[in-house]
Structure formats: structure tokens, C-alpha cells
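Let's take a walk through this structure, starting with strand pairing and working outwards from there. Keep the viewer open as you read.

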Amino acid sequence: MKKNLLVTNNVSMLIALALVLGFLYWARIIVIPIALSILLTFLLAPIVAWLQQHGVARVVAVALAASLALSTIVGAIWGVTSQIGSLLDTYPQYENNILSKLNQITERDRDGILDKLQVVTERITEKLTNNPAIEDKLPIPADKKEKIEAQPVRIVDDGPFQLSQLWSVFGPMLEPLANAGLIIVLVCFMLLNREDLRDRVISLIGVEQLAHTTRAFEDAGERVSRYLLMQLLINLGYGVAVALGLWLLDVPYAALWGFFGALLRYIPYLGAWLTAILPITLSLLLSPDWSLAIMVLAMFCVLELITNMIIEPMLYGRGIGVSQAALLVCVAFWTWLWGPIGLILASPLTVCIVVLGRYVPYLGFLDTLLGDRPTLSAGQRFYQRLLADDIDEACDIVEKQLSDTDHTLVQAFDSLAIPALMQARTDLRHGKIDTDEQNELIDNLTAVIKEYEEETKENEKQEQTERNIILVIPARDSIDDLAAQILIKSIPHEDFECHQLNSLGLATETLTVIEQLKASIAVIASVYPGDLAHTIYLCKRIRTRFPEIVIVASRFGINDPQSVKNNSNKLQAVGANRVTNTLQETIIELEKLDLLDLSSAK
């Protein structure tokens, strides 16, 4: 029943997604102006708020902000149009330079692949043009020949003012003008009534979801506004740098290329290099050699390195919460859906979708697919790499944990190795892995641990003459064996003499070894879940036979406070002196015991 319900929900979600995409495509004439209006509202809202804080009335502040944005856009369009027209007019001046470069390429490739390809192409073309069509060779039967009479053509003159001609001339101009007017009106309306619009959206979603809706609005507003502002500043600075650099290199129309640099840089990763194509091409037209083109290319490389490695990390900070790979895919999707406007809106729309996925349960997969938060914890990645027999990457995860978080080796084992053993035991119980897979995982984890044996051996060289003897006893199976092995590698060997038993041994054998070694401390190691009954049994047997020994019961991996309390009470009731739940906690307790008189530690 649950499976059928899950399938039904998935099908319903796919249908709803298809309907939404269809609506976005077919209603793009209306949706695009609304989306652009929201984008401009996010950009202009901080300006309006700043003006209001300085005593300007909201209506006047909105008018000033809208006038500033409109004049900037109109001025940019006019400047770009005039620059492009001037560039096209001057093209004949550079035609000789481009012809000389083509001649250079042709001379270097004489009798090469290009020359051979040209010869083959000419032969194929000649062969095709010398063979008339088959239909032209077939004779026409005499009885099929008919006399074709010319029909008079009547010319209809509807007068000088035809509505169809007027519409064909002015119709294409009316749509962008109408969209621009709609955008201006919507932006002004949203800026004037942004609080009312916010309250209406919250009411539409539901007052009972007020907390989630408020957090979503704050998260989306902060991410989108900050990202748009920072991206605008970075792109403007990049465009100015491009224009200034090209001007210093004497490349004409430097301001035009700077504008395209600022505009195309909205495309992640690819925008800067798309910008570089145009001035590099112009530099090839200007100079008969290749030096100017190489200098222009070097300038773009330097600017891109400085922008990506210094400026963007400093200004973006924690980013917009979108994976870079997902952002590229979304840029392609929105560009396909809405064209150039989709390219501009791709980043803020993707941010809003990620925020929806973060706060709406049914859309959580969007946050997983598009967000930049790690989908797997370090422990889960470590366990997955062990299952995949990738020991090298598992070691890399340990090293990254040690370097990024300043963890000690014991803390790294607590956060990676112990959760991996817990997950392996749980998966075996639920049939997700079999015994062979579990044994293979244990072997892989053993190989990872051996990478750190050198550190342990160096500590063993600093042995003292008298040390407390510790016997580490696995509670039940091979997982506890490995946990005991990890614990022994974590114990400072200059303070303790450590010995380990095998989980296959009987309780009587354990008692015999304790007597032979004259151990002062017995550590019973077990991995949660399970093994509590075996740990209790061993505690009882050891306490009955050796009343003076210190027993430390280590139940690794318990996180629930209630379970920790219950386990501790049960183990202390049967003779355990100390109950620990992590490797680090066990080491701390052992160090405390080393400073005490063990005869009074019970």
C-alpha cells in the first residue's frame, strides 16, 4: 500500500512539474516581464531603503531609483548600438590584415591537410555539377505535351496607407515597448507596496506556516539581493578593467568590449571567454602579426584569475547556496526556456528554487540536486568508499578530517571509523549487505588504520620501565575486534602496556589471560547497536573473579542521551567502574586512572 502511494505521489509530482514547465514556456510573454520586475525590485529595494533612511519620501525614492535604472539601461543600449554601427563601418579598413593572415595559414599548410581537403571538395563539387538531374534526361511523351498559356496578373492597389504594412513595420517594435512599460509599472508598484505583497504571499501560503515562510523569505531575499548586488559590482568592475586594459593595448572600441565583458560574465565560467573572442578577433584584424592577439589573451587570463581567486571569494563570502555544476545546467535550461532573458535570470531563479527545496518538504529533492551543501556527511562518505573498495579515497577523507577540523587522530577515528562500523552492523542486520561484504569492509578499514601504525610505533619507542597493563576485550564479533584494535592504536603506549584478546575466545580464556598478565585495567570494547548482553556478562565474570581490577566498559557510538544513561546504569550495576561512549572519552578516563592509585579507583 505504501509503495503504491509513493508511486502515485511521484507520478503526481512529475505531472505537476510538466504542467509548470509548460506554463513557463507558453506564458513566457507574461511571465518574463514579471520575473524581470521582481529581479529589478530586488536590485532597487536597497537603494529605495537607503533614500528613505535619509528622509526621502517613499514615492520620491521609488521615482528616483526607477529613473536611475531606466536611464542607465537606455544609455547603455544607445552606446552599444552606436559602437556596433561604427565598428561595422570601419571593417573594410582591416580587410587586408585578415587576408594576409589567411595567406600565412595557407602558405604554412601548403600540401597539407587543408590543401588536400580543398582539392577533394572541388572534385566532388565538379562531379555533382556536371551530372544533370535524372528527370532532366527523361524525354517528355508527345501526348503529354500541353500548350501553356500565360495568365494575366492583376495588381491590386489598396492605397498608400495599408494597415498590414503599418503593422509589419511597427508591430515588432510595439512588443518590447509594451514589455518595457509593463516592467516599469510593476517595479514601481512592487517597490511602493512590497510589505503588502509580502503579507499577501504569506497569507496565501498559510498563517500556520508563518515560521517556515518567514525564514524562507528572509533566506531568499538575503541570498538573492546580496548575490545580485555583488555580481553587479563584480561584473561592472570586470567590464571597466577589460575596457581599460584594451584601451592601453590600443584596441579600438574598448568601451564596447568592456560592456560585453560585464554583460556576458553573468554566464558562469564561460562568459569571460566568450567576451574575449570579440576583442581577440579585432586584434587579429588590426595587426598583421599575432603579438597583439596574444597580449589580449594574456590580459583576459590575468583578469579571470584575479576575479575568480581573489575578488569573488572575498565579496561572495558563503555564496548563494547553489552548486556550481548545477548552476551551469540551470543556466543552459533557463536560456533554452526563455532565451537571453533566461540567461540573466538563471542565477536568481535557481536560488529561489533551492530555497523552496530547503523549506518545502515535498521539494526537498531540489535542494539535494541544486544546493551546495554536502549531501553526505564525512562518515557516510567514508563508509561508502570502504564499501566501494576505494582505500585511497578513504585515507584522503581521514587526512581531510585531520587538516580541515584540526581533529586529533582519535577524534578522526571517532567521527569516521566508529560510524562506519555501526553502519556496517546495522546494514548486516537489515540484509542490506551480507557477511562477505561486511568482512571485506572490515579488511578495508584495517588497511586504512595501518596507514597510521608508524605514529604508534614511534610512541612505543618511548616506553617507561613500569606501566599499567591494559587488556582490551572485544565483546562479541569481528566488528568489536576492529574497534578494540582502533582503541589500542589510540592509547598512549608510553603510559600503558596494551594487550588485546580475540572475540572468538571464551570467557574462561579471558579470565586466564587477565591472571597471566596481571592486568590492572580491563577494557570491554563493543560497538552500538547490540552487544550489551555480552558486555554485561563479561563484566559480571571479571568482577566476580577479580574484585580489585578496574573495568572500563566502552560502548562506542551511542548518541541518544537516554540510551547512554540506561547503558551506564546497567553496566555499573554489574561492576563496571567507568562507562564511556567514544574513543576520546575512553582515552581520557584511562589517563585519569593512570594518575590515580588503581587500588582506590574502584
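Asparagine 468 sits opposite phenylalanine 496 in β2. That pairing belongs to a parallel arrangement: strand β1 (residues 468–474) and strand β2 (residues 496–500) are joined by five bridges. Note that this is a predicted model, so keep that in mind as you click around. Together with α21, the strands β1 and β2 make a right-handed β-α-β unit.

Follow the chain further and you meet a second unit of this kind, in which β3, α23 and β4 make a right-handed β-α-β unit. Strand β3 (residues 521–527) runs parallel to β4, and the two pair over seven bridges. If you want a spot to zoom in on, try alanine 525, whose bridge partner in β4 is serine 554. On to the next neighbor: β4 also pairs with strand β5 (residues 578–580), again in the parallel sense, over three bridges. Here alanine 553 has valine 579 in β5 as its bridge partner. To get from β4 to β5 the chain passes through helix α24 (residues 561–573), and this β-α-β crossover is right-handed.

How many residues of strand β4 (residues 550–556) are buried? Seven of the seven are, so β4 is largely enclosed by the rest of the structure. It helps to recall that in a regular strand the side chains alternate between the two faces of the sheet. In β4, Val550, Val552, Ser554 and Phe556 are on one side, while Ile551, Ala553 and Arg555 are on the other, and all of them are buried, which leaves both faces covered.

Now for the charged side chains. The structure holds eight salt bridges, and a few of them are worth a stop. Take arginine 425 and aspartate 480, whose side chains meet in a salt bridge at 3.5 Å, N to O. Arginine 425 lies in helix α18 (residues 409–429) and aspartate 480 in helix α21 (residues 478–490), so this pair ties together parts that are 55 residues apart in sequence. You have met α21 already, as the helix of the β-α-β unit with β1 and β2. Are the two partners buried or exposed? Both arginine 425 and aspartate 480 are buried.

Compare that with glutamate 515 and arginine 545, which form a salt bridge with their closest N and O atoms 2.9 Å apart. This pair, too, links distant parts of the chain, with glutamate 515 in helix α22 (residues 507–517) and arginine 545 in helix α23 (residues 532–545), 30 residues apart. Glutamate 515 counts as partly exposed at 46% relative accessibility, and arginine 545 is partly exposed as well, with a relative accessible area of 42%.

A third stop is the salt bridge between glutamate 393 and arginine 381, where the closest N and O atoms are 4.0 Å apart. Glutamate 393 is in helix α17 (residues 391–404) and arginine 381 in helix α16 (residues 378–387), so the contact ties together parts 12 residues apart in sequence. Glutamate 393 is partly exposed, at a relative accessible area of 30%, and so is arginine 381, at 33%. These two residues also belong to a network of salt bridges that links Arg381, Arg385, Asp390 and Glu393.

For a change of chemistry, look at the nonpolar surface patch of about 490 Å² made by Val302, Leu305, Ile306, Met309 and Ile310. Methionine 309 is placed in helix α12 (residues 291–316), and with 62% relative accessibility it counts as exposed.

Proline 33 gives you the opposite case. Proline 33 lies in helix α2 (residues 28–53) and is buried, with a relative accessible area of 2%. What does proline 33 touch, not counting residues up to four places away in sequence? The answer is Arg28, Asn179, Leu182, Ile183 and Leu186. Proline 33 and leucine 186 are 153 residues apart in sequence, yet 8.6 Å apart in space, C-alpha to C-alpha.

Finally, zoom out to the whole chain. Its secondary structure comes to 25 helices and five strands, and buried residues make up 38% of the 602 residues. Among contacts between residues at least 6 apart in sequence, 74% join residues at least 24 apart. The protein chain exposes about 36,300 Å², with carbon and sulfur atoms supplying 63% of it.

Technical notes: Residues numbered from 1 in each chain as written. Predicted model: local features only at pLDDT ≥ 70, side-chain atom pairs only at ≥ 80, totals over all residues. Heavy atoms only, no water. Helix = DSSP H or I, 4+ residues; strand = E, 2+ residues; numbered from the N terminus. Buried < 20%, exposed > 50% of the residue type's maximum accessible area, 1.4 Å probe, protein only. Patch = residues over 30% accessible without salt bridge, like charges linked within 9 Å, V, L, I, M, F, W, Y side chains within 5 Å. Areas by Shrake-Rupley, 256 points an atom, 1.4 Å probe, with all protein chains shown as cover. Pairing = 2+ DSSP bridges. Right-handed = clockwise from strand over helix to strand, strands pointing away. Contact = heavy atoms within 4.5 Å.
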